[in-house]
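Reader: I should be grateful for a close reading of one part of this model, namely the strands and sheets of one chain. Please then place that part within the assembly as a whole.

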There are 2 protein chains.
Amino acid sequence: MKPYLKLDPWNIVEEDFQPHLHEISESIFSIGNGYMGQRANFEESYSGPSLQGSYMAGVYYPDKTRVGWWKNGYPEYFAKVLNSTNWIGIDIAVDGQPLDLASCKVTDFTRVLNMKEGTLSRAFTAEFEGGKKIRVDAIRFVSMARQEIGAIRYAVTPLNFDGILTVTPYLDGDVQNRDANYDEKFWVEVAKEFGERDAALTVKTKKLDFHLTSVMAFEVAKNGEAVKLETEQVEKEKYVGFRAQIEAAANEQVVVYKYAANVTSRDHGLGQLIEAGRAALRSALEAGFETLYREQVQAWADKWRDSDIVIEGDVAAQQAIRFNIFQLNQTYTGEDDRLNIGPKGFTGEKYGGSTYWDTEAYCLPFYLSTADSSIARNLLIYRYKHLEKAKENARKLGFAKGALYPMVTMNGEECHNEWEITFEEIHRNGAIAYAIYNYVNYTGDIDYLGQYGLEVLAEISRFWEERVNYVAAKDQYMMLGVTGPNEYENNVNNNWYTNRIAAWTLEYTLEVLDYLRENEPSRYRELIDKLELTEAETSKWKDIIAKMYYPFDDERQIFLQQDGFLDKDLTPVKELDPVHLPLNQNWSWDRILRSAYIKQADVLQGLFFLGDRYDLETKKRNFDFYEPLTVHESSLSPCVHSIIACELGYREKAYEMYLRTSRLDLDNYNNDTEDGCHITSMAGTWMSVVYGFGGLKVQDGVLRLNPFNPGHWTSFSFKVMFRGSRLKVTVGEHDVIVANESETAAEVSVYGKKHTVHGLSHVKIEHALQG
Amino acid sequence: MKPYLKLDPWNIVEEDFQPHLHEISESIFSIGNGYMGQRANFEESYSGPSLQGSYMAGVYYPDKTRVGWWKNGYPEYFAKVLNSTNWIGIDIAVDGQPLDLASCKVTDFTRVLNMKEGTLSRAFTAEFEGGKKIRVDAIRFVSMARQEIGAIRYAVTPLNFDGILTVTPYLDGDVQNRDANYDEKFWVEVAKEFGERDAALTVKTKKLDFHLTSVMAFEVAKNGEAVKLETEQVEKEKYVGFRAQIEAAANEQVVVYKYAANVTSRDHGLGQLIEAGRAALRSALEAGFETLYREQVQAWADKWRDSDIVIEGDVAAQQAIRFNIFQLNQTYTGEDDRLNIGPKGFTGEKYGGSTYWDTEAYCLPFYLSTADSSIARNLLIYRYKHLEKAKENARKLGFAKGALYPMVTMNGEECHNEWEITFEEIHRNGAIAYAIYNYVNYTGDIDYLGQYGLEVLAEISRFWEERVNYVAAKDQYMMLGVTGPNEYENNVNNNWYTNRIAAWTLEYTLEVLDYLRENEPSRYRELIDKLELTEAETSKWKDIIAKMYYPFDDERQIFLQQDGFLDKDLTPVKELDPVHLPLNQNWSWDRILRSAYIKQADVLQGLFFLGDRYDLETKKRNFDFYEPLTVHESSLSPCVHSIIACELGYREKAYEMYLRTSRLDLDNYNNDTEDGCHITSMAGTWMSVVYGFGGLKVQDGVLRLNPFNPGHWTSFSFKVMFRGSRLKVTVGEHDVIVANESETAAEVSVYGKKHTVHGLSHVKIEHALQG
């Protein structure tokens with residue numbers, strides 16, 4: 001597909017209405033506020049192809065599992081991200097002719113996602129059959145300041161006629177999920193209520209009884225003056241609306257303001273829903289559109305203050321990185337520890353679930369560095385709260401003890417059903433353990449270990465203890481039948497990454513136990529009792545650490561991704577005829593599996609996580625072996641390769657890898673953006689810049705930077721929050737400036753040399769690495 | 001489940017109507033004639049749980065594939081065995097009260113499957129609400145002599161009242177498959193036609209346009225005298241019937257004879273269907289029920305003459321082995337080379353498809369030994385006809401040349417969709433090659449090789465050539481990412497069986513090429529041209545044969561099922577707490593996969609096929625290692641273990657293995673007989689007796705026997721057809737009698753010593769092996 005969006009540092013801009021691209025734009029122009037969000041569907045009716053999507057975080061549907069061949073252990077349902085009541089709807093008719101961009105002639109169309117301010121706007125001229133023309137200017141946002149509130153300003157101007165406008169703002173709960181397994185509708189109506197100024201619709205899910213109440217009100221102004229109108233109530237199954245008629249002369253602008261509050265039974269008692277919705281709506285109405293808008297701009301300014309990356313000299317790169325950051329901030333704000341980061345955020349319904357290992361492996365670093373540490377902590381608490389379900393999951397799969405976190409989940413229960421992933425991609429447990437280390441290492445919040453961390457670590461360690469297999473003949477522990485991060489291998493024995501992260505978990509758990517014994521003895525005893533942790537268990541863990549088997553090739557001195565990897569045909573990707581790429585669209589599954597081609601960083605993922613433990617030569621040998629075999633058909637892969645390439649000084653390769661993710665959705669590289677954006681991989685893009693080009697690491701409580709300018713940019717800068725300080729790191733052509741934008745002094749090591757950066761001051765360091 | 005069927009040498013007898021067992025009985029009491037068949041559904045309406053099943057061989061439905069996660073290479077459809085027009089239906093009402101065994105009180109119930117004669121009969125007394133009682137005696141069969149004809153004699157006797165019987169014989173095409181993927185009905189109506197004496201219904205499948213015309217007629221007799229009746233035509237969507245009323249006094253027997261012809265567009269032109277059906281029906285009517293019945297008895301007598309096994313001193317074993325033979329003869333008669341042996345035959349719809357590797361690996365020996373060699377030949381021709389589709393299948397999976405036969409098929413196209421089986425269980429190709437060898441070796445029909453065999457062998461060899469992987473570092477060929485016969489391992493490297501059967505295929509193909517070059521030089525040249533077979537290819541095959549890698553354990557001197565097998569926990573099955581068994585009901589899939597437990601003979605399957613090439617010590621070492629790890633959760637497993645155990649002199653083990661299959665369905669061991677019977681494994685049971693206890697082998701054109709009496713029987717005998725002679729081998733307590741029932745003299749080797757058995761005479765040999 002030819003890129004069709006205009007380059008701009010702060011905005012995503014579409015300048016022509018192309019119906020065949022509309023679903024892609026619906027994904028890209030999505031807006032959200034962590035609590036709710038939606039695709040860029042039109043307010044007025046649209047009869048062309050469109051994927052309707054309005055989502056409430058944490059509200060999902062357990063759709064009955066669909067499989068070809070059932071396997072013991074499969075879950076009964078798949079938790080679907082749930083398309084919910086359409087609250088943006090405003091039907092427009094001009095002298096009885098409905099506005100529908102699929103049938104009108106559309107000119108002067110623009111759609112703008114203003115990332116700086118968090119608004120979606122659209123303007124166009126529509127010509128109806130018969131020749132009447134109107135101009136529409138619409139803007140809307142979901143409020144970052146008031147999570148339950150959305151607001152729309154929808155202006156219509158007759159251009160070449162005087163006539164009657166009919167406007168019908170409505171709430172419509174009669175919606176569907178496109179990927180429902182059995183084409184069911186998931187919502188049923190509970191109640192409809194009309195107030196003097198508002199209309200409320202309550203619907204609930206057929207299963208689990210999630211209730212959603214939407215309340216809306218609207219106001220109309222003509223030429224800047226409020227207009228009082230007769231309104232007619234419109235009522236249908238799962239639908240409430242108002243209909244009003246306004247006379248408008250040519251060039252008179254009629255503005256409809258629509259406000260909606262969406263409240264759910266996740267936050268309010270069932271009996272309080274309507275009142276809660278009305279109260280939120282009332283307060284929004286009192287504030288009015290301008291105030292809500294100003295709040296929005298301010299809330300986003302705060303986000304950007306903490307997380308912006310500026311790239312000078314490359315507007316495409318600038319736009320792309322901001323788009324990634326913008327989507328991450330829209331998807332998860334960290335205020336609710338029951339929520340997580342869905343693979344498509346609020347931009348689509350595909351893949352379901354809200355939580356994959358992506359959160360711990362890729363997203364956590366972004367939130368650690370760009371938001372208060374409580375946000376990242378909430379991501380950890382989320383898993384802590386699911387610990388009991390993870391234990392149940394392990395029991396269900398036949399383990400006598402320990403916890404296996406699900407591959408995909410909404411509420412802690414597994415909802416994925418493909419044996420080679422669901423049952424075998426157990427390395428996810430390692431990433432969840434690693435995230436605890438990562439969080440504590442970054443923030444210094446060592447209290448977390450005694451409060452929550454150890455329990456999760458111990459139960460994961462128990463899982464590994466039972467999952468490994470002692471091979472007496474070799475006096476070694478092995479792990480059979482797993483799928484590693486590289487999903488282009490299934491059911492392999494001794495995936496290096498999985499064995500390594502398992503043994504690492506045991507090491508870290510023992511280390512945490514030692515720490516607690518020494519430093520928090522009473523909490524330590526409490527936890528030992530609670531966990532019923534025995535000496536026999538920890539001894540066994542030590543034995544496993546000592547005798548874990550790691551596949552290794554003596555000749556090449558590299559870790560082997562798994563047993564037998566070298567028996568494969570090792571022809572590098574670049575010697576493959578490109579007609580075969582991407583493999584996942586051109587090769588049958590068995591061919592992919594028996595090839596050496598790697599979907600996603602696997603050994604390198606381990607070398608990234610445990611980077612401190614491996615020297616550069618080891619990383620180099622493994623990178624040189626695996627990178628030529630990697631096809632990066634997971635959006636989560638290039639960032640890890642980019643970061644290691646930076647460390648190895650492979651700058652061109654690092655930049656090439658960076659480019660593969662940064663505009664993935666904006667340029668629809670994978671030809672699937674219409675399903676939604678690749679939210680979690682956006683955190684990988686951020687990591688490529690900050691961990692890769694910025695060379696960020698935290699060791700022994702010190703923030704270390706090793707930045708270089710990849711050479712395609714005049715300069716770039718990024719923000720890092722670290723233990724109370726907020727730093728802006730600017731990497732120019734010749735020097736690096738670390739500016740402390742907070743009042744808390746920070747110790748920073750740049751190119752291995754420590755600097756103290758006092759509050760509201762900066763240090764400037766000559767480049768040590770030449771780009 | 002407690003066994004509920006009465007033991008009897010020739011009959012399957014159920015003496016009590018137990019509705020909760022009805023679906024199991026519907027499977028077990030199924031009747032068929034190779035062309036059509038049906039479950040033992042009742043003629044009269046029955047509102048209790050029942051799986052309706054009436055099947056026409058080769059008439060199937062391509063049901064849209066259902067999967068959880070699509071993989072490239074999956075087929076678009078799964079070919080379903082198709083439940084077709086119910087032609088047995090006869091509704092009965094007594095003074096307006098419908099007969100329905102779910103609501104009447106049923107006494108004196110018997111259901112009998114007469115295996116000797118090929119009939120299903122049923123008798124019962126039914127008491128209606130209000131107290132009226134009738135006696136019903138029903139018998140039906142599908143004619144072995146006239147494949148399109150079925151006949152029913154349904155007698156009703158009022159016992160304690162004079163009243164009006166209403167009988168409604170009908171044809172009902174408004175039927176469903178229980179395992180339809182999307183709950184669709186597969187048939188639509190084409191035409192209904194009433195003649196003077198008959199009614200015809202033509203339906204066609206929604207896809208593929210299979211047409212089925214059923215034509216029925218009925219006659220009524222009272223007290224043995226034909227009765228002329230007023231009949232009313234009954235017509236509904238996809239339904240035609242007649243309704244008639246008969247006065248019957250107490251103890252007057254009213255007999256309804258119903259005849260049906262079922263003809264399909266597989267055998268007749270679309271325009272000729274009704275006429276073909278009527279002609280067949282007319283001829284059946286002219287013959288009348290008694291004649292049709294006599295023909296049936298005679299046809300089955302011929303079957304039994306050729307295939308019976310007699311076991312003296314153990315009626316349960318006698319009944320079981322006859323049941324297995326009966327079902328095999330019902331399922332496939334070999335007259336139509338477009339047909340094959342479905343996993344459930346005509347006894348159920350589950351699993352779909354008609355052809356698995358079961359046919360070549362397990363069923364072929366039965367038909368080779370118990371029927372004219374043209375029957376087995378037709379099974380081979382079936383695959384020959386599918387060669388082009390098998391080549392397409394290989395192309396679809398990315399192979400530049402060669403043929404990969406489907407895992408499951410109806411028409412030659414793959415219709416299975418589970419990657420680890422569909423794409424990886426490629427050993428099936430080896431079984432298809434082996435069947436050619438087996439057939440030629442058994443029958444001596446060496447002309448088959450030039451006519452058909454070589455083409456199949458060469459294309460399969462080409463597949464193996466491309467599928468193996470040359471590992472330069474080891475100078476060996478390997479085969480990565482396969483699933484062997486043991487489906488409790490998936491995606492393994494170097495499954496010994498698969499590597500071995502692949503290399504064997506290449507060897508045999510080269511041998512056949514040599515034979516043809518020497519003996520049929522002009523046909524040889526024709527085939528080389530047709531196949532465009534090059535010297536480079538055959539050289540490569542030789543190289544692969546020479547350098548194929550076979551996993552082997554030096555210490556134990558055993559073949560390894562696959563790379564890494566010895567890294568598993570090798571605790572034998574008998575040390576496992578039996579609560580875990582069967583594993584497939586108690587363990588999650590990953591646990592099964594990483595265990596060493598074997599579903600089905602794998603290495604041993606290879607040692608069975610290629611038994612001539614391995615000495616007894618090798619077989620013993622491998623058997624001793626693998627048998628204790630085998631759970632036999634495939635019905636196809638125990639027969640192979642039984643046969644090898646016989647060879648090794650492990651007689652108790654052999655008998656134990658035999659018992660596991662012989663009454664599998666009669667005693668519903670696997671708790672799934674309600675879905676249908678395990679037809680293909682019945683051939684394995686037959687093999688256990690003839691190849692196992694009988695020790696049958698054919699080497700160098702000589703039939704070799706090495707029989708022993710397993711010791712639980714007074715004696716046993718089996719029939720073997722071999723190169724024109726028909727032998728009956730009786731194994732008594734002290735001797736073996738080989739009787740030649742044909743006029744063709746036979747050379748037979750018994751216990752390694754050759755005997756000539758002249759036509760219509762016998763030889764008697766003392767036991768060499770003591771039981």
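Author: In this predicted model, four strands of chain B, in the order β2-β3-β4-β5, make up an open sheet of 4 strands with antiparallel pairing. The edge positions fall to β2 (31–32) and β5 of chain B; each has a single partner strand, so one side of each lacks a neighbour in the sheet.

The sheet can be followed strand by strand. From the β2 edge, β2(B) is joined to β3(B) by 2 bridges, and the two run antiparallel. Within this pairing, G32(B) lies opposite G37(B) of β3(B). Strand β3 of chain B, residues 36–38, is in turn linked to β4(B) by 3 bridges, again in the antiparallel sense. Here G37(B) faces Y55(B) of β4(B). G37(B) thus appears in both pairings, standing opposite G32(B) and opposite Y55(B).

The next strand, β4 of chain B, spans residues 54–64 and is mostly covered, with 10 of its 11 residues buried. Its pairing with strand β5 (residues 77–83) of chain B is antiparallel and comprises 6 bridges. In that pairing K64(B) has Y77(B) of β5(B) as its bridge partner. With β5(B) the opposite edge of the sheet is reached, since this strand, like β2(B), has a single partner.

A second open sheet of chain B has 5 strands. Their order is β7-β6-β12-β18-β17, and the pairing is again antiparallel. At its edges stand β7 (97–98) and β17 (231–236) of chain B, each paired with a single strand, so that one side of each has no neighbour in the sheet. At the β17 edge, 6 bridges connect β17(B) with strand β18 of chain B, residues 239–248, and the two run antiparallel. One of the pairs in this ladder is K236(B) with Y239(B), the latter belonging to β18(B).

Strand β19 of chain B, residues 254–264, deserves separate attention. What is its degree of cover? The strand is mostly covered, and 11 of its 11 residues are buried. In a regular strand, side chains alternate between the two faces of the sheet. For β19(B), both faces are covered. One side carries V254(B), V256(B), K258(B), A260(B), N262(B) and T264(B), and the other carries V255(B), Y257(B), Y259(B), A261(B) and V263(B), all of them buried.

Two pairings of β19(B) can be described. Strand β11 of chain B, residues 149–158, pairs with β19(B) in the antiparallel sense through 8 bridges; in this ladder G150(B) is opposite A260(B). Strand β15 of chain B, residues 211–222, is joined to β19(B) by 11 bridges and also runs antiparallel to it. In that ladder A217(B) is set opposite Y259(B). The two residues of β19(B) named in these pairs, A260(B) and Y259(B), are listed on opposite faces, and both are buried.

The strand content may be set beside the records for chain A. UniProt, in an unreviewed entry, annotates residues 14–266 of chain A as "domain: Glycoside hydrolase family 65 N-terminal". Over this range the chain is 3% helix and 55% strand, with its end C-alpha atoms 36 Å apart. For residues 696–757 of chain A, UniProt lists "domain: Glycoside hydrolase family 65 C-terminal", also in an unreviewed entry. That range is 0% helix and 61% strand, and its end C-alpha atoms are 16 Å apart.

Helical structure is present as well. Helix α3 of chain A, residues 315–331, has 17 residues and spans 24 Å from its first C-alpha to its last, close to the 24 Å expected at 1.5 Å a residue. Of the 17 residues of α3(A), 15 are buried, so described as mostly covered under a cut-off of 20 or more other C-beta atoms within 10 Å.

There remains the assembly. Chain B is superposed on chain A by a rotation of 180 degrees with 0.0 Å of shift along the axis, at an RMSD of 0.0 Å. This is the relation of a two-fold axis. In chain B, V67(B) has the C-alpha nearest the axis, at 2.3 Å from it. Both copies use the same surface, as 100% of the contact residues of chain B recur in chain A.

The contact draws 36 residues from chain B and 36 residues from chain A. On the side of chain B that touches chain A, β21 (469–471) and α14 (589–594) of chain B each supply at least two residues. The largest share, 5 residues, comes from α14(B). By class, this side of chain B has 13 nonpolar, 12 polar and 11 charged residues.

Methods:
Residues are numbered from 1 along each chain as its sequence is written. Chains are lettered from A and ligands numbered from 1 in the order in which they are written. This is a predicted model: local features need pLDDT of at least 70, side-chain atom pairs count only at pLDDT 80 or more; totals for chains, interfaces and linings use all residues. Copies are superposed by least squares on the C-alpha atoms of residues with pLDDT of at least 70 in both. Two residues are in contact if their C-beta atoms, placed from the backbone, lie within 7 Å. Two strands pair if DSSP finds at least two bridges between them. A residue is buried if 20 or more other C-beta atoms lie within 10 Å of its own, exposed if 12 or fewer, and partly exposed in between; C-beta atoms are placed from the backbone. Ala, Val, Leu, Ile, Met, Phe, Trp, Tyr, Cys and Pro count as nonpolar, Asp, Glu, Lys and Arg as charged, and the others, Gly among them, as polar. UniProt positions are given in the numbering used here, feature names are shortened, and annotations may be inferred rather than shown by experiment. The expected span of a helix is 1.5 Å times one less than its number of residues.
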